[in-house]
Amino acid sequence: MVTEPQVLRAAEPDDGRAQHVTSPPVRTVSKSPTRIALARLRRDRIAMICAAICLAYVLIAIFAPLLARLEGQNPTDLHQNLIDEFGFPTIGPTGEHWFGVEPRLGRDLFARWVYGARPSLIVAVAVTAITTVIGVVVGLVAGFAGGWVDRVLSWLIDLVLSLPYLLFAIASSAVLVAIFGGADGAGAEDVAQIRFVSLICVLAFFGWASLARLVRGQVLSLREREFVAAARVLGVPTRQVLFKELLPNLVAPIVVSVSLALPGYVVAEAGLTVLGAGLIEPTPSWGLTISAATTYYRADPLYLWLPVLGITILVLALSLLGDAVRDAFDPRTRR
């Protein structure tokens with residue numbers, strides 16, 4: 001938008017005649033709520049620091065082979081010569097092993113740590129993407145359709161939310177492994193891959209319902225607005241009304257839900273792995289390292305604290321970033 005030129009009255013000269021000075025056109029730029037929220041987010045120093053930390057973790061996961069090669073080690077190599085007869089390492093952090101070696105097996109801890117960032121981020125991102133797509137679609141259809149469709153989908157949402165998550169997660173993982181090859185004598189790597197996929201499926205099954213309920217509630221209020229009624233009168237197809245008219249108005253709650261779901265799935269992956277219902281060897285995982293390190297935490301505290309600090313810093317950064325995103329997209333929030 002460009003405003004009209006303004007006419008300013010200057011001081012009158014000695015001859016008594018007034019002079020008029022025309023100011024240059026003033027250009028005003030309109031900003032959408034999303035642009036305003038992003039600008040508010042960029043001014044938040046804590047959010048930017050947390051975003052940088054999350055980006056660093058992503059780069060560590062992507063370039064894990066390069067980092068391990070830079071150290072000169074591999075996460076699967078066994079260094080039995082560096083382990084005594086009781087299974088304890090005979091060395092600490094050195095130039096060849098930056099974080100030392102793992103008790104009992106002698107695997108390099110730095111290589112295991114950088115490779116351990118991969119499953120946590122892959123599981124968190126994959127589950128968040130799946131649950132977001134399913135939750136948004138189910139919530140849109142349930143809220144807009146109404147009637148028996150809304151009743152059936154709402155009943156399904158309530159059913160998923162009422163299930164005991166932890167018990168079903170532990171049981172479902174074992175069942176999926178048995179169905180898809182765990183009981184047929186598959187190799188360790190095949191079973192580990194099945195457990196990896198099954199963990200994503202289990203977390204996605206229990207994660208979409210809360211977002212679907214949130215989206216449904218927003219759609220119930222939006223479908224009575226004038227722009228939706230106008231689209232119906234004009235004969236706009238239902239799919240276009242859902243994804244072209246309603247969905248853009250749901251960006252803020254969806255972004256907030258996604259930002260808060262990521263740290264939850266990181267913790268869920270590590271927690272289920274520690275309980276034995278998540279990832280298994282030979283997959284490098286922080287949860288597996290924590291589970292194995294509980295036996296050696298007094299003799300080798302670095303073995304335990306490395307993955308604990310890795311998960312803690314990542315979850316803290318994601319949580320603070322999620323809070324900042326929520327504050328930025330909520331116009332009622334003022335810091």
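Visitor: How do the residues lining the second largest pocket divide into nonpolar, polar and charged?

Guide: In this predicted model, the lining of that pocket comprises 7 nonpolar, 2 polar and 2 charged residues. The lining residues are Tyr115, Arg118, Pro119, Ile122, Glu189, Ala192, Gln193, Phe196, Pro282, Thr283 and Pro284. The elements that contribute two or more residues to this lining are α4 and α7. The volume of the second largest pocket is about 240 Å³.

Visitor: What makes Arg118 and Glu189 charged residues of this lining, and Gln193 and Thr283 polar ones?

Guide: Arg and Glu belong to the charged class, whereas Gln and Thr are not listed as nonpolar or charged and therefore count as polar. Arg118, Glu189, Gln193 and Thr283 are among the residues lining the second largest pocket.

Visitor: Why is Arg107 called buried?

Guide: The relative accessible area of Arg107 is 7%. The term buried applies under 20%, so Arg107, at 7%, is classed as buried. Arg107 is located in the loop between α3 (64-71) and α4.

Visitor: What makes the pairing of the Arg107 side chain with the Glu102 side chain a polar contact?

Guide: The two side chains are paired at 2.7 Å. A polar contact requires N or O atoms within 3.5 Å, one able to donate a hydrogen and the other to accept it; the value of 2.7 Å therefore satisfies the distance limit.

Visitor: How many cavities of 30 Å³ or more are counted?

Guide: The count is 1 cavity. The largest cavity holds about 50 Å³ of space.

Visitor: What makes an enclosed space a cavity and not a pocket?

Guide: A space is called a cavity because a 1.4 Å probe fits there but cannot get out, whereas a pocket is open. The largest cavity is lined by Leu109, Arg112, Trp113, Trp286, Thr289, Leu302, Tyr303, Leu306 and Pro307. By class, this lining has 7 nonpolar, 1 polar and 1 charged residues.

Visitor: Which elements each supply at least two residues of the lining of the largest cavity?

Guide: These are α4, α11 (286-293) and α12 (301-329). Helix α12 gives the most, with 4 residues.

Visitor: At what angle do helix α4 and helix α7 pack, and what is the handedness of their crossing?

Guide: Helix α4 (residues 109-145) and helix α7 (residues 188-222) pack at an angle of about 35°, and their axes are 6 Å apart. The crossing of α4 past α7 is right-handed. The contact between α4 and α7 has 23 nonpolar, 6 polar and 1 charged residues.

Notes. Residues are numbered from 1 along each chain as its sequence is written. This is a predicted model: local features need pLDDT of at least 70, side-chain atom pairs count only at pLDDT 80 or more; totals for chains, interfaces and linings use all residues. Side-chain values use heavy atoms; hydrogens and water are left out. Axes are lines fitted to C-alpha atoms, for helices over the stretch in contact, and angles run from 0 to 180 degrees between N-to-C directions. A crossing is left-handed if the near helix is turned anticlockwise from the far one by less than a right angle, and right-handed if clockwise. On a 1 Å grid over the protein atoms alone, a cavity is a set of points where a 1.4 Å probe fits but cannot get out, and a pocket is an open set with protein on both sides within 12 Å along at least five of seven lines; lining residues have an atom within 4 Å of a point. Grid points are joined across faces, edges and corners, and a volume is the space filled by probe spheres set on the points. Buried means under 20% relative accessible area, exposed over 50%, partly exposed in between (1.4 Å probe, protein chains only).
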